[in-house]
Amino acid sequence: GDGTARVDVRGRDEIGRLAAAFNAMSSRRAQLEDLRKSMVSDVAHELRTPLSNIRGWLEATQDGIVAPDPALVASLLEEAALLQHIIDDLQDLAVADAGELALHKEPVHVPDVLDQVTTAQRSNADAAGVRLTAGFDGEPEAYADPMRLRQAIGNIVSNAVRHTPPGGEVSLRARMTDGELVIEVADTGVGIAPEHLPLVFERFWRVDKSRTRRTGGSGLGLPIVRKLVEAHGGSVSATSTPGQGSVFTLRIPTTGP
Ligand code: ADP
């Protein structure tokens, strides 16, 4: 069938209401099924791009168009790393969707986490000619999953660096107020149009529809950030001025066990 089912009952009695509830459930199920189908097709598309790049390079080598030199190997490794990245992200989302994202909460020294993120992003920022700074205010001890925290902040900072032109700045500011950890990542980058802002948290959504991948991401970074933050009972939001930059804010309750 087309995945839909309906019960037609006349009247405003209990059975009528029951039928209405059933119909609502049924159309919700059809919607989910549509979503699943489009996800599978998106996933196929996302995996195809790096894979066809790899094949392209290898075929060009086989045909003698490209020399099997270190530059070729580097390109192949880059595409393979992107494939790995997409698959890891998909895995994280699948686990989160199944409600199985297990947090390993422990006492965390927040400035250490910020240091780890900036250290990991430093070479990307340098290569992009972007100044990366970090600062922290307040009680430094939090109760959270340090790896997931690092992953969430890392994704946001990586996006900020990738969407900021040379000479720009990305600043990571965190503060602890009343047991709530507030992390702000501000960039002086290209910004996001107001009508696009709610869409950036959708899976595979990108401003650049060409998906040329020169800014290489999986399109799953922000959906994952949202899952990680929500698993902590927190939230993520964004504000932006096109042409001037964006601010992404994570709010995470970090009170102890
Ligand atoms: P991607 O892998 O494409 O970075 P994300 O889910 O992390 O996927 O982000 C989705 C889209 O949101 C990006 O492709 C980009 O268009 C937009 N975006 C995210 N962060 C920023 C930012 N700091 N500045 C401008 N655009 C951004």
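The following paragraphs describe the overall fold, the ligand site and selected residues of a predicted protein model.

The model is predicted, with local features requiring pLDDT of at least 70 and side-chain atom pairs counted only at pLDDT 80 or more, whereas totals for chains, interfaces and linings use all residues. Residues are numbered from 1 along each chain as its sequence is written, and side-chain values use heavy atoms, with hydrogens and water left out.

The protein contains five helices and seven strands; helices (H or I, at least four residues) and strands (E, at least two) are DSSP runs, numbered from the N terminus. The order of the elements from the N terminus is α-α-β-α-β-β-α-β-β-α-β-β. The C-alpha trace spans about 70 × 60 × 35 Å along its principal axes. Of the 257 residues, 37% count as buried, where buried means under 20% relative accessible area, exposed over 50%, and partly exposed in between (1.4 Å probe, protein chains only). Contacts are defined by heavy atoms within 4.5 Å. Among contacts between residues at least 6 apart in sequence, 69% join residues at least 24 apart.

The accessible surface of the protein amounts to about 14,700 Å², and carbon and sulfur atoms account for 55% of this area. Accessible areas come from the Shrake-Rupley method with a 1.4 Å probe; for residues, only the protein chains shown count as cover. The protein carries 27 positive and 35 negative charges, and the mean positions of the two sets are 6 Å apart. In this count Lys and Arg are positive and Asp and Glu negative, while His and the chain ends are not counted. Each charge is placed at NZ of Lys, CZ of Arg, CG of Asp or CD of Glu.

The ligand is surrounded by 21 residues, the closest being Asn 159, Asp 187, Ser 218, Gly 219 and Leu 222; a residue is included if one of its heavy atoms lies within 4 Å of the ligand. Oxygen atoms of the ligand take part in several polar pairs. A polar side-chain atom of Asn 159 lies 2.8 Å from a ligand oxygen, and a polar side-chain atom of Arg 162 lies 3.1 Å from a ligand oxygen. At Leu 222 the partner is a polar backbone atom, 2.9 Å from an oxygen atom of the ligand. The ligand taken alone exposes 530 Å², of which the protein buries 96%. Two or more residues of the surrounding shell come from each of α4 (146-162), α5 (221-231) and β7 (245-253).

Asn 159 belongs to helix α4 and is buried, with a relative accessible area of 17%. Its side chain also makes a polar contact with the side chain of Arg 162 at 2.6 Å. Polar contacts are pairs of N or O atoms within 3.5 Å; within protein, one must be able to donate a hydrogen and the other to accept it, and residues adjacent in sequence count only if both atoms are side-chain atoms.

In α5, the buried residues are Gly 221, Leu 222, Pro 223, Ile 224, Val 225, Leu 228 and Val 229. The elements covering them include α2 (70-97), α4, β6 (235-241) and β7. Gly 233, with a positive phi near 80 degrees, follows α5.

Most residues other than glycine have a negative phi. A positive value occurs at Asp 178, where phi is near 50 degrees. Asp 178 lies in the loop between β4 (169-177) and β5 (180-187), and counts as exposed because its relative accessibility is 81%. Phi of Phe 204 is also positive, near 65 degrees. Phe 204 is located in the loop between β5 and α5 and is buried, with a relative accessible area of 2%.

Within strand β4, Ser 171 is buried at 14% relative accessible area. Apart from neighbours within four places in sequence, Ser 171 is in contact with Thr 133, Glu 184, Val 185 and Ala 186. Glu 139 occupies the loop between β2 (131-137) and β3 (141-144) and is partly exposed, with a relative accessible area of 46%. A polar atom of the Glu 139 side chain lies 3.1 Å from the backbone nitrogen of Glu 141. The C-alpha atoms of Glu 139 and Glu 184 are separated by 16 Å, with the two residues 45 apart along the chain.
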